[in-house]
Amino acid sequence: MSKNSITPELQKDMYYHMALARALDDRMWILNRQGRAPVVYSSNGHEAAQVGSAFALNRGEDWIVPYYRDLALVLAYGMTPRQVMLHLLGKAEDPNSGGRQMPAHWGLKERHILTTGSVVATQDIHAAGLALASKVLKDGRVSVAYFGEGSTSQGEFHEALNFAAVHKLPVIFFNENNGYAISVPARKQMAVMDIAARAEGYGMPGVIVDGNDPLKVYEVTKEARERALAGEGPTLIEAKTYRFVPHSSDDDDRAYRSREEVAEWKKRDPLVTFEKHVLDNKILSQEEHQAMQQKIKDLVNDATDYAEQAALPDPDTLGLYVYHQ
Ligand SMILES: Cc1ncc(C[n+]2csc(CCOP(=O)(O)OP(=O)(O)O)c2C)c(N)n1
Ligand SMILES: [Mg+2]
């Protein structure tokens, strides 16, 4: 872990959100396997990258445009476990989209989480657009697009970076590089080793960071935010990480990656490593840790029960947001 100025309180809170995301994610898989939830996309393995970056932002004020893998990110940004479960089960009360979008299409207006589209890399353009608005309005906000490495082959990624660099927009392009786009390994997707290398072609800094270390991710994101606010334009951050579970609950990753490879990365599980860090450095006492685990368990149970009992959308509202009524 890096030496830095991140306060113990902040580190404790980071660990809490990482642990909450993992516990909620585990429960979502159980619900899926029991036939109670349609499909799950996990942040399992990506928690340090997501939580570390979120904490470097003005949470709830700066705009984030997440993608499906960003459960830990949206939790760190203020979405509640109940809201996550309501979304997973497509209930009327789901604040993301009232049960209209498929699971993991995050969006929460009051926390400045822009709604997510299914087409990968479109979020990069949306973040650039939000940043253009901030520049015009001089509202002191930074926008952040989150995306996988596979999506950087899409035209929208290149258009967004070019536009943002030319106009020196206050935006951060945050890549979570887990080495795979579903079954396609990165080496078959691109002829460069690092996503960060793409930055130079657009005239912005490209930064590589250990995506399994939340403190390092925090630091580079903070720097990128300061650059953006100083009018120096966008930064591309590449957080190198790994997903420990299949692409989604409909995928079988044994078809395209070895168990040895997964086990090797598991040795660097960000949740385990950061837990050791906060305990060894007495940032979190054993008693606090136990209380936190109990709190998380209670929250996950409460969110599950609440969402399962919540009403489905009224069929009469089917055309809402689709057709003018
Ligand atoms: C334009 C487009 N092409 C294909 C898909 C189908 N698709 C959904 S997720 C995904 C993989 C993306 O991989 P990556 O960007 O590396 O993100 P990861 O899931 O690894 O975090 C694909 C191909 C899509 N949603 N949009
Ligand atoms: Mg990927």
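Which residues does Leu130 touch, not counting residues up to four places away in sequence? They are Trp63, Leu114 and Ser143. The model behind this answer is predicted. The protein chain holds eleven helices and seven strands. Its radius of gyration is 19 Å, close to the 20 Å that the globule rule gives for 325 residues, so the chain is as compact as a globular protein of that length.

**Overall build**

- Along the principal axes, the C-alpha atoms of the protein chain fill a box of roughly 60 × 50 × 40 Å.
- Of the 325 residues in the chain, 46% are buried.
- Take the contacts with a separation of 6 or more: residues 24 or more positions apart account for 76% of them.

**The nonpolar core**

- The largest nonpolar core has 83 residues.
- Met18, Ala127, Val144, Tyr146, Val171 and Ile172 have the most contacts inside this core.
- Helix 1, residues 8-33, gives the most to the core, with eight residues.
- In soluble globular proteins, nonpolar side chains tend to be buried together.
- Ala127 is in contact with Val65, Ser143, Val144, Ala145, Ala160 and Val171, leaving aside its neighbours within four places in sequence.
- Two of these partners, Val144 and Val171, are also named among the core residues with the most contacts.

**Helix 1**

- The 26 residues of helix 1 should span 38 Å at 1.5 Å a residue.
- The end C-alpha atoms of helix 1 are 38 Å apart, which agrees.
- Gly35 comes just after helix 1 and takes a positive phi of about 80 degrees.

**Helix 5 and Leu130**

- Helix 5 covers residues 122-137, and Leu130 lies in this helix.
- Leu130 has 24 other C-beta atoms within 10 Å; the cut-off for a buried residue is 20 or more, so Leu130 is buried.
- Leu130 and Arg141 are eleven residues apart along the chain, and their C-alpha atoms are separated by 9.1 Å.
- Ser143 is a contact of Leu130 and also of Ala127.

**The loop between helix 4 and helix 5**

- Gly107 lies in this loop, which follows helix 4 (81-88).
- His112 has its place in the loop between helix 4 and helix 5 too.
- Gly107 is buried, with 20 other C-beta atoms within 10 Å.
- His112 counts as buried as well, with 20 C-beta neighbours inside 10 Å.
- The phi of His112 is positive, about 60 degrees, although His112 is not a glycine.
- Gly107 touches Asn96, Ser97, Ile113, Leu114, Thr115 and Thr116, not counting residues up to four places away in sequence.
- Leu114 is thus on the contact list of Gly107 and on that of Leu130.
- Gly107 and Gly117 are ten residues apart along the chain, with 9.7 Å between their C-alpha atoms.

**Around ligand 1**

- Ligand 1 is surrounded by 15 residues.
- The closest are Val120, Gly148, Gly150, Ser151 and Ala181.
- By class, this shell has five nonpolar, seven polar and three charged residues.

**The loop between strand 4 and strand 5**

- Ile182 is found between strand 4 (180-181) and strand 5 (184-185).
- Ile182 has a positive phi of about 50 degrees, although it is not a glycine.
- Is Ile182 buried or exposed? With 12 other C-beta atoms within 10 Å, Ile182 is exposed.

**Helix 8**

- Helix 8 has 16 residues, 214-229.
- From first C-alpha to last, helix 8 reaches 22 Å, close to the 22 Å expected at 1.5 Å a residue.
- Its buried residues are Pro214, Leu215, Val217, Tyr218, Val220, Thr221, Ala224, Arg225 and Ala228.
- What covers them includes three helices: helix 1, helix 2 (47-55) and helix 10 (270-280).
- The cover also includes strand 3 (171-177), strand 6 (206-210) and strand 7 (235-240).
- Gly231 follows helix 8 and has a positive phi, near 80 degrees.

**Helix 11**

- Helix 11 runs over residues 286-309, with 24 residues.
- It reaches 35 Å from its first C-alpha to its last, close to the 34 Å expected at 1.5 Å a residue.
- Val300, Ala303, Thr304 and Ala307 are the buried residues of helix 11.
- Helix 1 and helix 4 are among what covers those residues.
- Helix 1 is also part of the cover over the buried residues of helix 8.

How values were computed
Residues numbered from 1 in each chain as written. Chains lettered and ligands numbered in written order. Predicted model: local features only at pLDDT ≥ 70, side-chain atom pairs only at ≥ 80, totals over all residues. Core = buried A, V, L, I, M, F, W, Y, C linked by C-beta atoms within 7 Å. Helix = DSSP H or I, 4+ residues; strand = E, 2+ residues; numbered from the N terminus. Contact = placed C-beta atoms within 7 Å. Near = placed C-beta within 6 Å. Nonpolar A, V, L, I, M, F, W, Y, C, P; charged D, E, K, R; others polar. Expected span 1.5 Å × (residues − 1). Rg over C-alpha atoms; globule rule 2.2 N^0.38 Å.
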